[in-house]
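Work through the exercises below with the structure open beside the text. Each task is followed by a solution in steps.

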Number of protein chains: 4
Amino acid sequence: MGAKLKTAVLGATGYSGVELTRLLLRHPLVDKPMLLSRPAEKETTEAANLADIFPALSGNGGYPLQPLSWSTLKEQGVELLFFATPHQASRSLVPEALSHGLRVVDLSGAWRLKQEQNRAVYGFKDSDAATAAELTKKAVYGLPELNSDQIPSASLVANPGCYATSVILALAPLLKAGIVDRERGIISDSKSGVSGAGKEPNARTHFVSVADNLSAYAVFGHRHMGEIVEQLHLSASELIFTPHLLPIPRGILSTIYVHLNSVTTPAEVESYFREFYAGKRWVRVFATPRLPEIQFSLNTNYCDLGFCLAEDGRRLVLVSCVDNLLKGAAGQAVQNMNLMYGWGEEEGLH
Amino acid sequence: MGAKLKTAVLGATGYSGVELTRLLLRHPLVDKPMLLSRPAEKETTEAANLADIFPALSGNGGYPLQPLSWSTLKEQGVELLFFATPHQASRSLVPEALSHGLRVVDLSGAWRLKQEQNRAVYGFKDSDAATAAELTKKAVYGLPELNSDQIPSASLVANPGCYATSVILALAPLLKAGIVDRERGIISDSKSGVSGAGKEPNARTHFVSVADNLSAYAVFGHRHMGEIVEQLHLSASELIFTPHLLPIPRGILSTIYVHLNSVTTPAEVESYFREFYAGKRWVRVFATPRLPEIQFSLNTNYCDLGFCLAEDGRRLVLVSCVDNLLKGAAGQAVQNMNLMYGWGEEEGLH
Amino acid sequence: MGAKLKTAVLGATGYSGVELTRLLLRHPLVDKPMLLSRPAEKETTEAANLADIFPALSGNGGYPLQPLSWSTLKEQGVELLFFATPHQASRSLVPEALSHGLRVVDLSGAWRLKQEQNRAVYGFKDSDAATAAELTKKAVYGLPELNSDQIPSASLVANPGCYATSVILALAPLLKAGIVDRERGIISDSKSGVSGAGKEPNARTHFVSVADNLSAYAVFGHRHMGEIVEQLHLSASELIFTPHLLPIPRGILSTIYVHLNSVTTPAEVESYFREFYAGKRWVRVFATPRLPEIQFSLNTNYCDLGFCLAEDGRRLVLVSCVDNLLKGAAGQAVQNMNLMYGWGEEEGLH
Amino acid sequence: MGAKLKTAVLGATGYSGVELTRLLLRHPLVDKPMLLSRPAEKETTEAANLADIFPALSGNGGYPLQPLSWSTLKEQGVELLFFATPHQASRSLVPEALSHGLRVVDLSGAWRLKQEQNRAVYGFKDSDAATAAELTKKAVYGLPELNSDQIPSASLVANPGCYATSVILALAPLLKAGIVDRERGIISDSKSGVSGAGKEPNARTHFVSVADNLSAYAVFGHRHMGEIVEQLHLSASELIFTPHLLPIPRGILSTIYVHLNSVTTPAEVESYFREFYAGKRWVRVFATPRLPEIQFSLNTNYCDLGFCLAEDGRRLVLVSCVDNLLKGAAGQAVQNMNLMYGWGEEEGLH
């Protein structure tokens, strides 16, 4: 057996970063990853070790954090660099990483969107507009169930948003089958645990604000909206996407409403899902009347899909669940790596 | 000032019953209520006092539970009897209560539905079908913001369901204004705390099943569906109603999706709400972009309403919150009582 | 009936401040309170109204926040000023308030401690040391069940800490009875909801840090330690006090361990509690084997006390519960006000 | 590489049973386990597959449940049978299993206690008292960190209780070192998540009873008391053990109070722990002032230990955390299996 792949994680101190670190440490084909702090990251400049920030990791020999240095990455033979950074940091540093010959999986929203009008909500500042435009074009949207043909050869994989993953995977089979009445509009009422909102303490993530509560936010204006319409080839007016903040640490459930073009049976609907996901390791289709719940996919890399069809055979409610830190972030990043290196999609994700 | 009203609560040991008891004990125009156990209620036949079941009540002189007896109610001068009982128990006992000259507020679903096809889901067994049919007709749906003209003289008030309250109050102003494109369908994605599922322990209400979870249930088949379509004069095919179980003890948030007939402004939408609820004490309308959250109406009798209009002026997302045990049950029952006796709607509900 | 008391709340935007505001608004003998922001309080300089910060309050006519001004307080006829401020702010401003002839109830730790070694942990900076020393001496520790003789005439009431309230009320009757073997040491293992940690967002109060967790903190070093030993006349070495952070928004439960001097019966133990708290409205003593739980006193001003005696009659476990924002803060402040103005202790606290 | 070990799990449908099943499925040295329902287990007689009860497991080829049959176990070559059953079921069936030549790891309390007075609280009914007495004597208490000499050759391993594991591992090093003043009494104030109370729905495990709550229970009378005193060679009067029910699904934190015989330093205390657990894979010792929290060991097989010593060097607070379903149950069972078959203690537990 040959040498293991050498990887590094930039921004290992966020929720997605630490989850990714955990997965890489257990991955049978990957070396212990280098953990990099980014310039101006306060916590990591003070902490020398990831276990100082996440004591849950302690006692396994240490997880030293080091500053980002291209020459060190080269010396160590790192081939693949994961960005678990805020989107602007990714937007600034990814071009440099690629220019050093590294392959990149970026967990931020920096390179997910092809259309300018969808990127506006991020307000990116590009120092080199031409390069940024080129990379935007070249980046592959890293949803393995849709883009497994492009991911293996990609040098820059834009890892999908957590909400977007849950919505796209639920809708793709039906849109491909052409049974959705898009003119009547598609609605995704999505609910996420708090880790999706990031580790930064603020009034919205304070325990007392979240516990015993539920709130809708960013209605008609959430950043993941663009990914969904681009990947599903919808117009913005065909989709309403409403995120909600759940009083749980992690997990996403999207309840999605579509009208069908013609009268359909539950068996037909199920068959579209089964066909589309035949051989796909990380999607589970639930047979009616069983519906996914957040707990079922928690701590796994599964996207769970279920549905309920009205008696009239025309109105369909889809339920889609993912763990926002796994299939919605770090797990999917590993799945993308697996494809990039020609490994089985399930490697390191059991 | 005259004598205080004498009331009794049948089924005081459920979540709604005990909440109602609390409210009545603090109500300035009502005597300390009689607390009645119903035949075959195990817990109460063993417990002599409500504080044995709800120690939170202890130390205030006691809350003795007594068996239901029509003659005792008469002797004690009880005028108004609250039913906080399962629907079949209400269906069986309410006719008797009315025949003894009592006025009734029934918190169950027994008398809410006028149309037979909507009642089917309850599977009522009526020993005297003619009387049941007559009472069904006579019963007033106790949503004070809609039916304040009929409630004052009603002898039987059918207190609305918790989900139904949140949905009807959000939609009524817009449907009255005639701005909703009903043909495109209305969707209510509703989420409720666990007390809405009742006090009976079962696999679904076990802490480990609910915590860190979210689940949809009874899609296309929930009992409150009928109330909503009847009160809003919708056809069943015009509404999709999807309930979800939240990992919180109490509170409901409904996210409701409607298409408008023509391009509208936020100011117009707000004005329909403000007009409809002018002078209504227990509805709060939130100005855009502020949206209600479950915490805001928790432990109050408010229904909080907010909305978000798409830039196209045609797609509208409504958010409606109630405390399922107050505006969704016991608080609304008190509000109905206040109307039945000509008192201010806010009495005893601060 | 004469005019209602005029009050003001300084620091109404914290958890205790808003809870106090709610109570004062409902208090039958008190005018609508003035709500004051303190110098340099960011949130309130931006917000003009308390309902902007706590939307749960919205829709009742508004709760305007105004800057602190001694002359305005005088013009408005304010007699009593509540400080719901950080301890250093109280330490700085209370002397001024008293010099303007106001009576003060201070919810912070600024004036609770008589002994200098206990105050050290606060690190107070006094601009006028002599006045501070005088006020420290003059301040009355506002635990009504212990100090109801001094509170009525006090000009400065130091409202007790939440943990301290739960521990002192549990131990006072037994220490007074002289049955505790103090040499063997008293242990209070206390657990609190997150609102006790304040509204400031930080890594410790982030939802993801608290949910599904329990942690001990400030072992041997918590600020409330001093209050407990001073009020119970213990030496510091006789008490171990260990606070824990619970994944709930509010509520405290202290489990307290004592050894008794001689063999005792449960009936005797109960009698010491019943005697000590005879006629006390806001303490509930639970008879063995029933024990208080956090839910029982939640949203009430009660301190609930229960106990369990070992078969040997010598080892005693006490359980004491309070709502940290009510009996542990704002409710107790109102109870103190009631005593200061000669009203019933239960006024405004039902 | 030789054949994998064949195992079976009796009672796979409880929380510990399903956790154990998960671990065995991932264990590299063990075959896919047989999953057995026990006589009169309602859920499993209806369910044909474990994934029907725990949908989280679905989609991996199925987990068929079969009735217990000694001949089938023999035919299949099963060597090791795990009992994840109620204690009386274990007490009845384990003798039979052993007589069929199987080795047994029993997760219940059936065989943990050597002393009759400690067993009384279980009220065992033994059909064959002589055999039961013999097995009681022969059973090895399966705490690998203490009994790794006896476990490898044991035919019957009594897997420890979850609370007991957390308490024994915290105290064993200090008692061995002889530095504890046992006469002054040891106190363990322990807190557990709800899965520790089992899957049976009842009033105590209802979400609404647990959420936003904390309660002490079984004070002076919990079943795990006996294990702790037996394993630590304490007299019952030397230990107070108070369990509490936390509003979280899983995890245990024990706060333990001891007095030391003489003045000691934190470094000394730490050294006793480090020595005792040198080379032990599944205990992590935290250096002062860092303390374990429930989250740190959640979903791991670690027992995390930390401490805080008073300035007087005589009073010590220990904090011990385990995941009650892993190190407190299924994980420890696998650790025991690893010892029984001469494998590394960490196999299958990463």
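Two residues are in contact if their C-beta atoms, placed from the backbone, lie within 7 Å. The exercises apply this to a predicted model.

**Exercise 1. Find how many residues of chain D are in contact with chain A, and sort the chain D side by residue class.**

Step 1. Take the contacts between the two chains: 12 residues of chain D meet 12 residues of chain A.

Step 2. Sort the chain D side. Of its residues, 3 are nonpolar, 5 are polar and 4 are charged.

Step 3. Superpose the copies. A turn of 180 degrees with a shift of 0.0 Å along the axis lays chain D on chain A, and the RMSD is 0.0 Å. The C-alpha of chain D nearest this axis belongs to Asp212(D), at 4.3 Å.

Step 4. Compare the surfaces. Of the interface residues of chain D, 100% are also interface residues in chain A, so the two copies meet through the same surface.

**Exercise 2. Describe the side of chain B that touches chain A, and state how the two chains are related.**

Step 1. Count the residues: 32 of chain B are in contact with 33 of chain A.

Step 2. Locate them. Each of β8 (186-192), β9, β10, β11 (252-259), α13 (294-297) and β14 of chain B supplies at least two residues of this side.

Step 3. Sort them. The chain B side divides into 19 nonpolar, 6 polar and 7 charged residues.

Step 4. Superpose the copies. Chain B falls on chain A with an RMSD of 0.0 Å after a turn of 180 degrees and a shift of 0.0 Å along the axis. This is the relation of a two-fold axis. As for the surface, 100% of the contact residues of chain B recur in chain A, and the same surface serves both copies.

Step 5. Look along the rotation axis. Arg184(B) comes closest to it among the residues of chain B, with its C-alpha at 3.2 Å.

**Exercise 3. Trace the open sheet of chain B that contains β9, and find its edges.**

Step 1. Write down the order of the 7 strands: β9-β10-β8-β11-β14-β13-β12, with mixed pairing.

Step 2. Find the strands that pair on one side only. In chain B these edge strands are β9 (215-216) and β12 (283-285).

Step 3. Follow one edge inward. β9(B) pairs with β10 (residues 239-245) of chain B in the antiparallel sense, over 2 bridges. Ala216(B) has His244(B) as its bridge partner in β10(B).

Step 4. Go to the other end of the sheet. Helix α12 (residues 266-276) of chain B lies across β12, β13 (303-309) and β14 (315-322), and its direction is at about 160 degrees to β13(B).

**Exercise 4. Do the same for the open sheet of chain D that contains β3.**

Step 1. The order of its 7 strands is β3-β2-β1-β4-β5-β7-β6, and the pairing is parallel.

Step 2. The edge strands of this sheet are β3 (65-67) and β6 (140-141) of chain D, each pairing on one side only.

Step 3. At one edge, β6(D) runs parallel to β7 (residues 156-158) of chain D and is joined to it by 2 bridges. Val140(D) has Val157(D) as its bridge partner in β7(D).

Step 4. Add the helix. α1 (residues 15-26) of chain D packs on the sheet and touches β1 (7-10), β2 (34-37) and β4 (80-83); it makes about 165 degrees with β1(D).

**Exercise 5. Is Thr264(D) buried, partly exposed or exposed, and what does it touch?**

Step 1. Place the residue: Thr264(D) lies in the loop between β11 (252-259) and α12 (266-276) of chain D.

Step 2. Count neighbours. A residue needs 20 or more other C-beta atoms within 10 Å to be buried, and 12 or fewer to be exposed. Thr264(D) has 18 C-beta neighbours inside 10 Å, so it counts as partly exposed.

Step 3. List the contacts. Leaving out residues up to four places away in sequence, Thr264(D) touches Ile179(D), Val269(D), Leu309(D) and Gly313(D).

Step 4. Compare sequence and space for one of these. Thr264(D) and Leu309(D) are 45 residues apart in sequence, with their C-alpha atoms 8.4 Å apart.

Conventions:
Residues are numbered from 1 along each chain as its sequence is written. Chains are lettered from A and ligands numbered from 1 in the order in which they are written. This is a predicted model: local features need pLDDT of at least 70, side-chain atom pairs count only at pLDDT 80 or more; totals for chains, interfaces and linings use all residues. Ala, Val, Leu, Ile, Met, Phe, Trp, Tyr, Cys and Pro count as nonpolar, Asp, Glu, Lys and Arg as charged, and the others, Gly among them, as polar. Two strands pair if DSSP finds at least two bridges between them. Helices (H or I, at least four residues) and strands (E, at least two) are DSSP runs, numbered from the N terminus. Axes are lines fitted to C-alpha atoms, for helices over the stretch in contact, and angles run from 0 to 180 degrees between N-to-C directions. Copies are superposed by least squares on the C-alpha atoms of residues with pLDDT of at least 70 in both.
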